[in-house]
Amino acid sequence: MINFENFKNAKDAVFALSNALQTLVAMRESRFFNLALSGGGTAKIMFEIWRDFFSKKIDWSSVRFFWVDERMVEDSSSESNFGEAYRNFFEPLKIPNSQIFKIDGTLPPEDEAARYEREVFNVLEDAGKKYCADTPQFDCVILGLGTDGHTASIFSGDKEALTTKRMFVPARHPESGQMRLTMSANAVLNSHEIFMLVLGDAKKEALRRLFSDIAKKSPELPASFIVKNAADISIFTDFV
Ligand SMILES: O=C1O[C@H](COP(=O)(O)O)[C@@H](O)[C@H](O)[C@H]1O
């Protein structure tokens, strides 16, 4: 089922997502709530709102942070998804490193995909998490949407990321050639909750394409594949 929540501005959309997250964290069944984050400009807006308005509202001491995708760059790069989360959210809120499970953007992508997958398995398994399709489950993944219809770092034509049973695989940005690591479609779809945050006028056309694409038997855009195949997904936008 698609739960589509449309607001008049970005702040309201992020507040709605964050209030939903607050409830999920408060109602968690285990010691930790395992949350996978996206990056890019939309996530930056979300981190700033979390820092400024949700520092006390969400019990961050009970959240463990993972990544949906990462660019293979140094943490100090403005391209680093971890780096942006660190500078805008973790550091100001003093979230301890023990709760942060980052992808190392400086390692060879294949090696790091295997290492990160092992780490995720170990951490989630230790938490006694439910398995679904032989894969441990995140409690929630927060996705973005690219203007080209990508989500995570699953770009059009990447059959491997759409079909593999692995949780993480290397990916290449089709235009810049930048190497990345992405959570696979199967790992995203396995998550207990899936949120997608889509903000700004530039994304309107991408979301319109996504909705016409999911009506097709075989969707073309990676984001449509996720939305169409998700048991439940909540999409938060600012398109009113
Ligand atoms: O490259 C990426 O793109 C998407 C969308 O990012 P945005 O800058 O358009 O908000 C993002 O969800 C993903 O994590 C990121 O690596």
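User: Is Lys 94 buried or exposed?

Analyst: This is a predicted model. Lys 94 sits in the loop that runs between helix H3 (81-93) and helix H4 (109-126). Its relative accessible area is 69%. The cut-off for exposed is over 50%, so Lys 94 counts as exposed.

User: What is the phi of Lys 94 near?

Analyst: Lys 94 is a residue other than glycine. Its phi is nonetheless positive. The value is near 55°.

User: Is Ala 152 buried or exposed?

Analyst: Ala 152 also has a positive phi, near 50°, and is not a glycine. Its place is the loop between strand S7 (140-143) and helix H5 (159-163). The relative accessible area is 8%. Buried means under 20%, so Ala 152 is buried.

User: Which pocket does the ligand take up?

Analyst: Start with the surroundings. The ligand has 14 residues around it, and the closest are Gly 41, Thr 42, Asp 69, Arg 180 and Lys 203. The space taken by the ligand is the largest pocket.

User: Which element gives the most to the shell around the ligand?

Analyst: Two or more shell residues come from each of helix H2 (40-53) and strand S4 (69-71). One of these elements leads, with 3 residues. That element is H2.

User: How many residues of the shell around the ligand are charged?

Analyst: Split the shell by class. Polar residues number 8, and nonpolar residues number 2. The charged residues number 4.

User: What is the distance from an N or O atom in the side chain of Lys 203 to an oxygen atom of the ligand?

Analyst: Take the other contacts to ligand oxygen beforehand. Gly 39 places a backbone N or O atom 2.8 Å from a ligand oxygen. Arg 180 uses a polar side-chain atom, at 2.8 Å from a ligand oxygen. For the side chain of Lys 203, the distance is 2.7 Å.

User: How much of the ligand's accessible area does the protein cover?

Analyst: Lys 203 has a side-chain N or O atom 2.7 Å from an oxygen of the ligand. On its own, the ligand has 390 Å² of accessible area. The share covered by the protein is 88%.

User: Is Glu 117 buried or exposed?

Analyst: Glu 117 belongs to helix H4. Its relative accessible area is 15%. That is under the 20% cut-off, so Glu 117 is buried.

User: How far apart in space are Glu 117 and Asp 213?

Analyst: In sequence, Glu 117 and Asp 213 are 96 residues apart. The spatial separation runs C-alpha to C-alpha. It comes to 31 Å.

Notes
Residues numbered from 1 in each chain as written. Predicted model: local features only at pLDDT ≥ 70, side-chain atom pairs only at ≥ 80, totals over all residues. Heavy atoms only, no water. Helix = DSSP H or I, 4+ residues; strand = E, 2+ residues; numbered from the N terminus. Buried < 20%, exposed > 50% of the residue type's maximum accessible area, 1.4 Å probe, protein only. Near = heavy atom within 4 Å. Polar contact = N/O pair within 3.5 Å; in protein donor to acceptor, adjacent residues only side chain to side chain. Areas by Shrake-Rupley, 256 points an atom, 1.4 Å probe, with all protein chains shown as cover. 1 Å grid on protein atoms, 1.4 Å probe; cavity = no way out; pocket = protein on both sides within 12 Å on 5 of 7 lines; lining within 4 Å. Sits in = over half its atoms within 2 Å of the grid points. Nonpolar A, V, L, I, M, F, W, Y, C, P; charged D, E, K, R; others polar.
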